Structure formats: structure tokens, C-alpha cells
Amino acid sequence: MLIPLYRAPQPSLRFWPVVRRNLLVWKKLAVPSVMGNIAEPLITLIAFGYGLGSLIGAIGGEPYIRYLASGSIAVSCALAATFEALYSAFSRMHVQRTWDGILNAPVALDDIVFAEMLWAALKSLFSVGAILLVIFALDISRAPTMLLAVPLLGVVGVTFASVALVFNALAKGYDFFTYYFTLVLTPMTFLSGVYFPVEQMPAWLQAVAHVLPLTAAVELVRPLVLGQWPAQWLQPLGVLAAYAAVGYYVALVLTRRRFFR
Amino acid sequence: MASDPLLRIRHLSKRYAGQTVVDDLSLDLRPGECLGVIGPNGAGKTTTLRMCLGLVGPDGGTIEAFGLPVPARVREAKARIGVVTQFDSLDPDFTCAENLRVYGRYFGLPRGVIEARVPKLLEFAALQAKAGARPGELSGGMRRRLSLGRALINDPDLLLLDEPTTGLDPQARHLMWERLKLLLQQGKSILLTTHFMDEAERLCDRLIVLDHGRKIAEGTPRGLIAEHLESDVVEVYGDGARAAAERLRPLVARTEVSGETVFFYTREPRPLLGALTDDHSVRTLHRPANLEDLFLKLTGRQIRDDA
């Protein structure tokens, strides 16, 4: 009886001890981890927001620093979830054999993949929370709707973690992940309306941008951070959900194949 | 019934890319027994263990652990199994105590049960003084004992041990054996793979010899030796060894030449030893036949490329 690779996810509550395991490791390294996650977006905000912003002025009536901060928080969320589901998950899966150890207990691979996805999303929220505090402290925005952006960024974290786990399942070493960053994520950040409006691009690129998960994330998160309501909810939420669902299922099948051949 | 096997394997087979790794293997592990699976590298030992844990799906045959079909109900079975793998999978970021505690949660054990077991298991693993140390600060023997302690967190009835002492120095191996004997005295059952014949002889009630995925012999260590080998072995080394082999062959049941050493197998060693006393071109070692001789007889002396 071969282990079926393509069957639907088999959820169980045993994913929770795996999330707790990762949380316990994170707690030991929390301060440097969050500092690192804040430092990079903070530098971007100050350098580009104030520096470039003084040349650009305003976009759509918003000062550039507000435009940039509200968009780049989605990027930080996506990057944090991706990084965790690539490098850190790969360390646990392949280098440290943590997953092998867990699989000898009554925990299934489906539980572990689900836990890793959820954990990466949760961890991205730690960074997001820290950056929101910076936005609040620097008085870039103090809109109460910022709080609503948090659960949405959780969905963004789930989406990017799920897609990243596909590449985790395929990886033979860390080098492989460089391609994902340079060929997929970095171009996506330039196409998704983070630094300038999507409407500035040629029509065919705009069409591409509208099916990218980061564009959907920015469309939802930016207005909420700035104290407005998104122009539309359904289309961007649908894009995020589609990437999350397809990404997660493909990641699960590929991870099963990796472990059970 | 008390005598029902804890583990029942019937006609198990597994192929990878056209190559048969496990071939029509059947075995029973009875309660309280230590069953050793010995065989060269690539014989299918680890694959068999992984199939028992539902981590590899068999191409044919059935596995039942505690009467539960594997892999269909492997989660229930795993609640009663402890596993020590060949390669450490300890969490490098956790202390010894945290490693045990976190592993206990994977079994869904209540906090109180885990907290009561952790100090006992640290003591069992002779690691009380290292409770706060991380695996990176431990010796190989300590890490392996911590892995064993971790495998006991769910108080399992059955232990699956894949080469538990490979890479350990003699002191660490002996301490490990002592602990495993203690577990057997407590009534645990053990399925052990090894390619150390002294380990198999010390620990195992029964042995299965695997080669190329097939079971080629099964029995008690002493019984297997008696069945397949002459009682005495005389090893002869030195410049004149090969010449002695030719000359003295009629005095013994069987000879084997391996490099510069000749092995004489016999039930009556005195004529051979007498003939060798005056031969100063060789050194001799007379000893009883052991499992290593059996293993080499059954699986051959050639090095396995897939090692």
C-alpha cells in the first residue's frame, strides 16, 4: 500500500505542538530577530521616504513617505513569511532533520507542513507588528484602521508562506532560494504598486500586476494603514486565497513526494 | 492473547527504481523479546524500519503493529513506539530537558506527565548534570543516550533502534548496551538493526540475517552459529599463511583466504594446531566461531559498493 501523494490535506490538531516548537526556538532569539526585521524597513522608509519623497512630493494626494510606508509593510510581511518558509523551514526539514524526528512521533507530514505554513505567517506578523509601531511612533499614520490591516497581513503571510513551501519542497540546497528571490520576489515588489502606482506601467504589465499576490496585498493594506477603506475587497482577497490554496496543496504534494517518494 | 506478536510483517517488499530493496520479508516480534536484524549496508534494514513507521509505503505485503495495520493506522501504533534513528535528529537550539519536553508534546502527553518523566529520563540517560546543555555541547555517546531518552518519553512498549551504537567509542557503547538491557528487563520489546556482531550477540534473543533485502537466516545467536559453522576457528597470518592453507587443508572442514589471513574452520582443531606449532613463518589465533564468522559466511567478504 503506497502512501498516496495527491490526496487532500489530512488535518489534525497535532500541528500545534510543532508550531509551539518553533515558537520556543524563536523566543530564544526574538530580540535580534525582530531588530533585524525592523531595521531593514526602517532604513528603507527613512532613505526613500524622506530622501526620495522630498523630490517626488505626493502620490494621489498622499505624501510619498505615507505612500511608501503603507505599501512596503506588505513587502515586509511577504518577505518575512517567505524567508521563514524557505531558509528556516529548509534547515528544520533537511539540515537539522527536525522533521524526521517529529515524523517518528504520532505527527503526520501533513501536520508538519501545515504547522510550518502557519508558523511562517505568524512570524511575519511579529515583524508587521513592529513596523506598525514604527509607523505609529514616527507619526506616519495613526489611523485606527491600521489594526484591521493586521489580520489581512496574516492572510498575506499565509499566501507567501504557502508559495514558498513549494520551493522548499523542491530545494536541494540553500542556493536554490536565491533564484526565487532574484527572479520572482524582487521583480514582484517593483510591479506591485509598492514604490509607484501600477498605473504608471504599460497596459500589458498592469495586466500582469493585477494577478500578482503582492499587488492584491498592497491594494488591501495600503488604504487601511492610511485610514481609508479599500476600493474593493473581493478581487484582491480572491487572488490571495487562490495563491494560498494552490500553493499549499502543491507544496504538500511535493513535500510528500520528497519524503515518501 | 499475551503471545500475539507486537509486530507482524508478512511478505513485505519494496522496490526503488526497479531495484528490489526488501524482498518477501516476513517476521514476528514477540512481547519482551529483542530481535536483531543484521545485514550489510544496503541490505534493506533501514527501509524495513521506515516501512514499520509508515514513512515508506511498501510495494507489497502487510505490516501490523499491536494488531493495527500500518500505514493505515500508524498514528495509533506510533503512540506506543519509541524510535532511535541512525542519525541524530535532536533539536540543536534546545537544552537536553527541552528536547525531551518538546518531544513529549508531539505525543499529546499532558504537561504533568511530561514534567514527571523528564528528570527520570535524564537520569536514565546519565545526563542529569547536562539538563541545561544543548546537544552541540554533548559527546556522541551522550547525544545518542539523549536520543534514547527522547524515544522513551511516551513510555513505549516497542523500541525500534536503527544502528544505535554506530560511531560510539567502546565506553559509550557499553553504557548504551547496559541501558538497553535494563529496558528489556523492564519488559520492553526491541527491534534492533546493527552490523556489530558483538552487539547482536549480547542483546538479541533472536536474529534475522538480511542480504539484498531477503531473509537468509533466522534463529538464536548460538543456534545460528551451531547450524551454519564449525565450532572452532584458527586464524593464521604471516608470510607462510597461504602455503599453510594449501598444506593443511585436509586437516579441517573448510578454509577461507582473505588477503594475508587464512581462516580454518573445524570441529577438531588439535591436529591443525599441532601441525602449526613448528611453523615459525606464521602467527595463529585459535578461538570459538562467532557471529561475525557466520555473517561473513552468509553474506560474503566482498565490500558492498552501496555502503
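**Chain A, overall**

Select chain A of this predicted model. Chain A has ten helices and two strands. Read from the N terminus, its elements go α-α-β-β-α-α-α-α-α-α-α-α. The radius of gyration is 19 Å, and the globule rule gives 18 Å for 261 residues, so chain A is as compact as a globular protein of that length. Turn on the principal axes: the C-alpha trace spans about 65 × 40 × 35 Å along them. Colour by burial next; 44% of the 261 residues of chain A count as buried. Then draw the contacts with a separation of 6 or more. In chain A, 79% of these join residues 24 or more positions apart.

**Two loops in chain A**

Go to A:Arg97. This residue sits in the loop between α3 (64-95) and α4 (98-103) of chain A. Its phi is near 60 degrees, a positive value in a residue other than glycine. Is A:Arg97 buried, partly exposed or exposed? A:Arg97 has 18 C-beta neighbours inside 10 Å, so it counts as partly exposed.

Move on to A:Asp139, in the loop between α5 (109-137) and α6 (146-170) of chain A. A:Asp139 is not a glycine either, and its phi is positive, about 60 degrees. Here the count is 7 C-beta neighbours inside 10 Å, so A:Asp139 is exposed.

**Where the chains meet**

Show both chains. The contact takes 23 residues from chain A and 22 residues from chain B. On the chain B side, α2 (74-78) and α3 (96-106) are the elements that give two or more residues. α3(B) gives the most, with four residues. Colour that side of chain B by residue type: 13 are nonpolar, five charged and four polar.

**The hairpin of chain B**

Hide chain A. Select β1 (residues 7-16) and β2 (residues 19-29) of chain B. These strands run antiparallel and are joined by seven bridges. Look across from B:Arg8 and you find B:Asp28 in β2(B). β1(B) and β2(B) form a hairpin with two residues between them. In the turn, B:Ala17 has a positive phi of about 50 degrees.

Add β4 (residues 60-65) of chain B. β4(B) is antiparallel to β1(B), with five bridges between them. Opposite B:Arg10 stands B:Thr62 in β4(B).

Then step to B:Pro71, in the loop between β5 (68-70) and α2 of chain B. Check the peptide bond from B:Val70 to B:Pro71: it is cis, with omega near 10 degrees.

**The six-stranded sheet**

Which order do the strands of the open sheet in chain B take? The six strands run β6-β7-β8-β3-β9-β10, with mixed pairing. β6 (81-84) and β10 (214-219) of chain B are at the edges; each has a single partner strand, so one side of each lacks a neighbour in the sheet. From one strand to the next, the twist averages 15 degrees.

Zoom in on β7 (residues 158-162) and β8 (residues 189-194) of chain B. Five bridges join them, and the two run parallel. B:Leu161 has B:Leu192 in β8(B) as its bridge partner.

Now show the helices on the sheet. α1 (residues 45-52) of chain B lies across β3 (34-38), β7, β8 and β9 (206-211), at about 150 degrees to β7(B). α11 (residues 291-299) of chain B packs on the sheet too, touching β3, β9 and β10. The direction of α11(B) makes about 30 degrees with that of β9(B).

**Helix α5 of chain B**

Last stop: α5 of chain B, residues 140-151. Place a distance between the end C-alpha atoms: 17 Å. At 1.5 Å a residue, its twelve residues should span 16 Å, which agrees. Why is α5(B) described as largely enclosed by the rest of the structure? Because nine of its twelve residues are buried. Among them are B:Leu146, B:Ser147, B:Leu148 and B:Gly149. The buried residues pack against β6, α3, α4 (111-124), β7 and α6 (170-185) of chain B.

Centre on B:Arg143, within α5(B). With 22 C-beta neighbours inside 10 Å, B:Arg143 counts as buried. Beyond its neighbours within four places in sequence, B:Arg143 is in contact with B:Asp88, B:Leu90, B:Pro135 and B:Leu138. Finish by selecting B:Ser89. Between B:Ser89 and B:Arg143 there are 9.8 Å in space, C-alpha to C-alpha, while in sequence they are 54 residues apart.

Terms used: Residues numbered from 1 in each chain as written. Chains lettered and ligands numbered in written order. Predicted model: local features only at pLDDT ≥ 70, side-chain atom pairs only at ≥ 80, totals over all residues. Pairing = 2+ DSSP bridges. Axes fitted to C-alpha atoms, helices over the stretch in contact; angles between N-to-C directions. Contact = placed C-beta atoms within 7 Å. Buried ≥ 20, exposed ≤ 12 C-beta atoms within 10 Å, placed from the backbone. Rg over C-alpha atoms; globule rule 2.2 N^0.38 Å. Nonpolar A, V, L, I, M, F, W, Y, C, P; charged D, E, K, R; others polar. Expected span 1.5 Å × (residues − 1).
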